[in-house]
4 protein chains.
Amino acid sequence: MNFRPPAPIFLQIAEHIIQLIISGDWKEGDRIPSVRDFATDVEVNPNTVVRTYNLLSQEGIISNKRGVGYFLNENAKKLSTTYLKKQFINEELPYFIKMMKTLELDFEDLKKEYNEHK
Amino acid sequence: MNFRPPAPIFLQIAEHIIQLIISGDWKEGDRIPSVRDFATDVEVNPNTVVRTYNLLSQEGIISNKRGVGYFLNENAKKLSTTYLKKQFINEELPYFIKMMKTLELDFEDLKKEYNEHK
Amino acid sequence: MNFRPPAPIFLQIAEHIIQLIISGDWKEGDRIPSVRDFATDVEVNPNTVVRTYNLLSQEGIISNKRGVGYFLNENAKKLSTTYLKKQFINEELPYFIKMMKTLELDFEDLKKEYNEHK
Amino acid sequence: MNFRPPAPIFLQIAEHIIQLIISGDWKEGDRIPSVRDFATDVEVNPNTVVRTYNLLSQEGIISNKRGVGYFLNENAKKLSTTYLKKQFINEELPYFIKMMKTLELDFEDLKKEYNEHK
DNA sequence: GTGGTCTAGACCACC
DNA sequence: GTGGTCTAGACCACA
């Protein structure tokens, strides 16, 4: 995984997992990789994955069965989408729109840029 | 000025100044406030303003006349726009578009949100 | 380390590090001392080392792995040489040559001085 | 005049004047421009010229006749050369030679660079 | 543990 | 007056 500074790595991992859930690669009820395995996978300090799993637990997306591992909750997909949307609308969009105004860009410009940088 | 965590204050000040330049409130060739004055204005430590001015110098937006103060360069407006655009197009937009895809939002949805935030 | 005024300490540290890199004492890929350790080493304030590391980062000579520390980039040696050469050729040499002309010194005179200082 | 940072402007002016003396443009015994005139000429704060003239006075190169102006002393040319040489040998050369060693440049390289950047 | 930021305050050279 | 540097010390997020 490539992480883009300065966003916290544990958040980027959380979003990565959420995308796996939304896309259906990880299914509700499934056991997800252990902290250690996942940390090895994405080449990251295990503590960082712990933080990610904690966050997802708080959001009700995953649960821990002690001694067994972490599992996707039944409503994981719905909660994931909600979480992501909340983040996006509240954190990203206002700043994004302010920038568009300052730079005097409209949605047509964005589409152009989007296609060029696709 | 109200600063929104967790973005560094000196960066927020830089963006603020850039907006003043783009909007034409600060004109090319103008002397900008002294480090101390500006620090008093926005109620931060002078060192923080020093960091901001350093950044803007590196970007070629302002220059120092020794013993006199900082001045907007002749191409300050263009450079400011370029700087902001670079940030936006390279850092913000790709992430933004990825989010749109994941959340299955299209530009119509954004326009709605945009109008609400306008 | 002994610092010679009036050159800023953080620049002198940067040059010192660059010399360590060019001489091969610090190798590409190596982790370099933490800000705190290095500050203790050379007996300066940690903030001063932060400035040095920032400069070297901007020059592409070192990179930060978040939470781990700073590392020499793969092209650190080349970039270091380039950086130093740039300083030397652009800043030092023209002035130097102008002085030689004014003082009517030629390279033979310099060699003599050079040998004495060797 | 173009001043190259970060060298103090008043020193650069001093060297400029010294060059005028060595080249013979300003002759011993001549009256030199008033502080104000010279400051206007080189577009600099008069206080800066005052510092320059003070320095040159200390070096015995110029003298003030109160109410009349500054004049070149009789031995101005010799003293100028001595001053410049002292500066050059003590301040510039050691650093210069150290750089040559670090960058593994020899005098042939310098000549090449010299010719290219002439 | 790592670096990043910020404050407070001091000192300095320079214009 | 101007900016530049440095220190001391604190707090923080992150890995």
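Visitor: What makes up the lining of the second largest pocket, in terms of helices and chains?
Guide: Helix 4 (76–103) of chain C and helix 1 of chain D each supply at least two residues of that lining. Helix 1 of chain D gives the most, with four residues. A helix is a DSSP run of H or I with at least four residues, a strand a run of E with at least two, and both are numbered from the N terminus. This is a predicted model, in which local features need pLDDT of at least 70 and side-chain atom pairs count only at pLDDT 80 or more, while totals for chains, interfaces and linings use all residues; side-chain values use heavy atoms, with hydrogens and water left out. Residues are numbered from 1 along each chain as its sequence is written, and chains are lettered from A and ligands numbered from 1 in the order in which they are written.

Visitor: Why is this called a pocket and not a cavity?
Guide: On a 1 Å grid over the protein atoms alone, a cavity is a set of points where a 1.4 Å probe fits but cannot get out, whereas a pocket is an open set with protein on both sides within 12 Å along at least five of seven lines. The second largest pocket holds about 180 Å³ of space, a volume being the space filled by probe spheres set on the points, which are joined across faces, edges and corners.

Visitor: What makes a residue part of the lining, and which residues line the second largest pocket?
Guide: A lining residue has an atom within 4 Å of a point. C:Tyr95 and C:Lys98 meet this condition, as do D:Met1, D:Asn2, D:Arg4, D:Gln12, D:Glu15, D:His16 and D:Gln19. By class, two are nonpolar, four polar and three charged. Here Ala, Val, Leu, Ile, Met, Phe, Trp, Tyr, Cys and Pro count as nonpolar, Asp, Glu, Lys and Arg as charged, and the others, Gly among them, as polar.

Visitor: How do you know how chain D is related to chain C?
Guide: A rotation of 176° with 0.4 Å of shift along its axis superposes chain D on chain C, with an RMSD of 0.9 Å. The two copies are therefore related as by a two-fold rotation axis. The superposition is by least squares on the C-alpha atoms of residues with pLDDT of at least 70 in both copies. The same surface serves both copies, as 96% of the contact residues of chain D recur in chain C, where contact means heavy atoms within 4.5 Å. In chain D, the C-alpha of D:Phe107 comes closest to the axis, at 3.7 Å.

Visitor: What makes a residue count as near DNA strand F, and how many residues surround that strand?
Guide: A residue is near a strand if one of its heavy atoms lies within 4 Å of it. DNA strand F is surrounded by 26 residues, the closest being A:Pro8, B:Arg36, C:Ile9, C:Asn47 and C:Thr48. Helix 3 of chain C gives the largest share of this surface, three residues. Of the strand F atoms within 4 Å of the protein, 71% belong to sugar or phosphate and the rest to bases.

Visitor: Why is the pair formed by C:Thr48 and DNA strand F called a polar contact?
Guide: A polar contact is a pair of N or O atoms within 3.5 Å; within protein, one must be able to donate a hydrogen and the other to accept it, and residues adjacent in sequence count only if both atoms are side-chain atoms. A polar side-chain atom of C:Thr48 lies 2.5 Å from a phosphate oxygen of DNA strand F, and the pair therefore satisfies the limit. A backbone N or O atom of B:Val35 is 3.1 Å from a phosphate oxygen of strand F. The side chain of B:Asn47 places an N or O atom 3.5 Å from a base oxygen of strand F.

Visitor: How do you know which parts of DNA strand E the side chains of C:Arg36 and C:Ser34 approach?
Guide: A polar side-chain atom of C:Arg36 lies 2.7 Å from a base nitrogen of DNA strand E, while one of C:Ser34 lies 3.4 Å from a phosphate oxygen of that strand.

Visitor: What makes the peptide bond from D:Pro5 to D:Pro6 notable, and where does D:Pro6 lie?
Guide: The bond is cis, with omega near 0°, and D:Pro6 lies in the segment before helix 1 of chain D.
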